[in-house]
Amino acid sequence: MKDILSRGTVLNEEVRVFCCRTTELVREASQRHHLSRSAETALGRVLTVGSVMGTMLKTDKEKLELTIDGKGPLGQIVVDGYFGGAVRGFVENGSYDDPKATIGQLIGTNGSLRVVKDMGLKQPFVSSVDLQSGEIGDDFAYYFLISEQTPSAVCVGVGYDEEGKMASAGGLVLQLMPGASEESIRIIEDIIGNIKPVSQLMAEYEDPKELIDALFDDYQELGRETPVFRCECSKGKFARIIRKLPVEDLQTMVDEDGGCEVVCKMCGNKYQFSKETLEGYITAQRVKKMS
């Protein structure tokens, strides 16, 4: 089934809703990075939140970076989110696996969740909060409350079939608008207190809108996006970095390796630079120094 993100309002427009299926997105990320099940589950949850937060951006000039570092065995998790719900990201220790550990134990809680929003201004908006549980949903709910003063419920999950293969992924985010009534708050608390795991719900409902309609009677859909894994890397961008390396480093690559291979940390794409290309960079630097 196609990944879909549905967003809108419920309860007389007192609550914002974001509900998304991210199964194919998470599957692609896992394949690109050759992730263990533990890493796949953790990164999948953060990618899902990143996709939701991307749809909260106002223009395609804006982007955000999410970094979770709880000092756990998985290490850092970094996700970039873009306008419209596209994301990319990686887990520092993507091969680590412990089937018996919870996501909170794998990520750890001795650290922080850091959000950097590039709004196209001179300085980005940077906010950091202490990790609460390492379970991702709780931590982002805390971030929304503390940093954006928006009471939120964040449910994210990655589910597996009987053979242990990833079968579903998705998320549900509910945010109270300013002035929300006590009745709306009570309804949200009741729903969150009794809701099934999101990964299970994604397997039961083909369209996220159908899930929201099952939870609320007055859902007004305001938009639909397609969450995707997308990286902005290119050989040209890496070339601009490599050609500025010291001549000594470039010469070592030529002499010892006969070229070099660059791997994008965010998506796993590989770019080859031949011996001749590196020699051209060396020559260009020497000519520039002489002129």
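Student: Which backbone nitrogen does the side chain of Ser38 reach?
Tutor: Keep in mind that this is a predicted model. Ser38 sits in helix α2, residues 37-54. Its side chain comes to 3.0 Å from a backbone nitrogen, and that nitrogen belongs to Asp98.

Student: And which side chain makes a polar contact with the side chain of Ser38?
Tutor: Look at what Ser38 touches beyond four places in sequence: the list includes Leu74, Tyr96, Pro99, Ile103 and Leu106, along with Asp97 and Asp98. The side-chain to side-chain polar contact spans 2.6 Å, and the partner is Asp97.

Student: Is Ser38 buried or exposed?
Tutor: The cut-off for buried is under 20% relative accessible area. Ser38 has a relative accessible area of 5%, so Ser38 is buried.

Student: On to the cysteines: how many disulfides does the model have?
Tutor: A disulfide needs two cysteine sulfur atoms within 2.5 Å. Cys233 has its closest cysteine sulfur in Cys267, at 3.6 Å, so that pair is too far for a bond. For Cys260 the closest cysteine sulfur is in Cys264, 14 Å off, which is also too far. The count of disulfides comes to zero.

Student: What is the relative accessible area of Cys260?
Tutor: Cys233 is buried, at 16%. Cys260 counts as buried too, because its relative accessible area is under the 20% cut-off. The value for Cys260 is 15%.

Student: How much accessible area do Met119, Leu121 and Phe125 have together?
Tutor: Phe125 belongs to strand β7, residues 125-130, and is partly exposed at 35% relative accessibility. With Met119 and Leu121, Phe125 forms a nonpolar patch on the surface. Together the three have about 280 Å².

Student: Let's do charges. Which residue forms a salt bridge with Glu148?
Tutor: The closest N and O atoms of the pair are 2.7 Å apart, and the partner is Lys117. This bridge links distant parts of the chain, 31 residues apart: Glu148 is in helix α4 (residues 137-148), and strand β6 (residues 112-118) holds Lys117. Glu148 is partly exposed at 24%, while its partner is buried at 15%. So the buried residue in this bridge is Lys117.

Student: Which helix holds both Glu183 and Arg186?
Tutor: Their side chains meet in a salt bridge, 2.7 Å from N to O. Glu183 is partly exposed at 42%, and Arg186 is partly exposed at 44%. The two are three residues apart, about one turn of the helix, and that helix is α5, residues 182-194.

Student: How many residues apart in sequence are Asp207 and Arg224?
Tutor: These side chains also meet in a salt bridge, 2.7 Å from N to O. Asp207 is in the loop between α6 (198-204) and α7 (208-215), and Arg224 is in strand β10 (residues 220-225), so the bridge ties together parts of the chain whose separation is 17 residues.

Student: Which residue joins Asp207 and Arg224 in a network of salt bridges?
Tutor: Asp207 is buried at 16%, whereas Arg224 is partly exposed at 38%. The network linking them has a third member, Glu221.

Student: How many salt bridges does a search of the whole structure find?
Tutor: Among them are Glu148 with Lys117, Glu183 with Arg186, and Asp207 with Arg224. The search of the whole structure comes to twelve.

Methods
Residues are numbered from 1 along each chain as its sequence is written. This is a predicted model: local features need pLDDT of at least 70, side-chain atom pairs count only at pLDDT 80 or more; totals for chains, interfaces and linings use all residues. Side-chain values use heavy atoms; hydrogens and water are left out. Helices (H or I, at least four residues) and strands (E, at least two) are DSSP runs, numbered from the N terminus. Buried means under 20% relative accessible area, exposed over 50%, partly exposed in between (1.4 Å probe, protein chains only). A polar contact is a pair of N or O atoms within 3.5 Å; within protein, one must be able to donate a hydrogen and the other to accept it, and residues adjacent in sequence count only if both atoms are side-chain atoms. Contact means heavy atoms within 4.5 Å. Patches are made of residues with over 30% relative accessible area and no salt bridge: like charges are joined within 9 Å, nonpolar side chains (Val, Leu, Ile, Met, Phe, Trp, Tyr) within 5 Å. Accessible areas come from the Shrake-Rupley method with a 1.4 Å probe; for residues, only the protein chains shown count as cover. A salt bridge is a side-chain nitrogen of Lys or Arg within 4 Å of a carboxyl oxygen of Asp or Glu.
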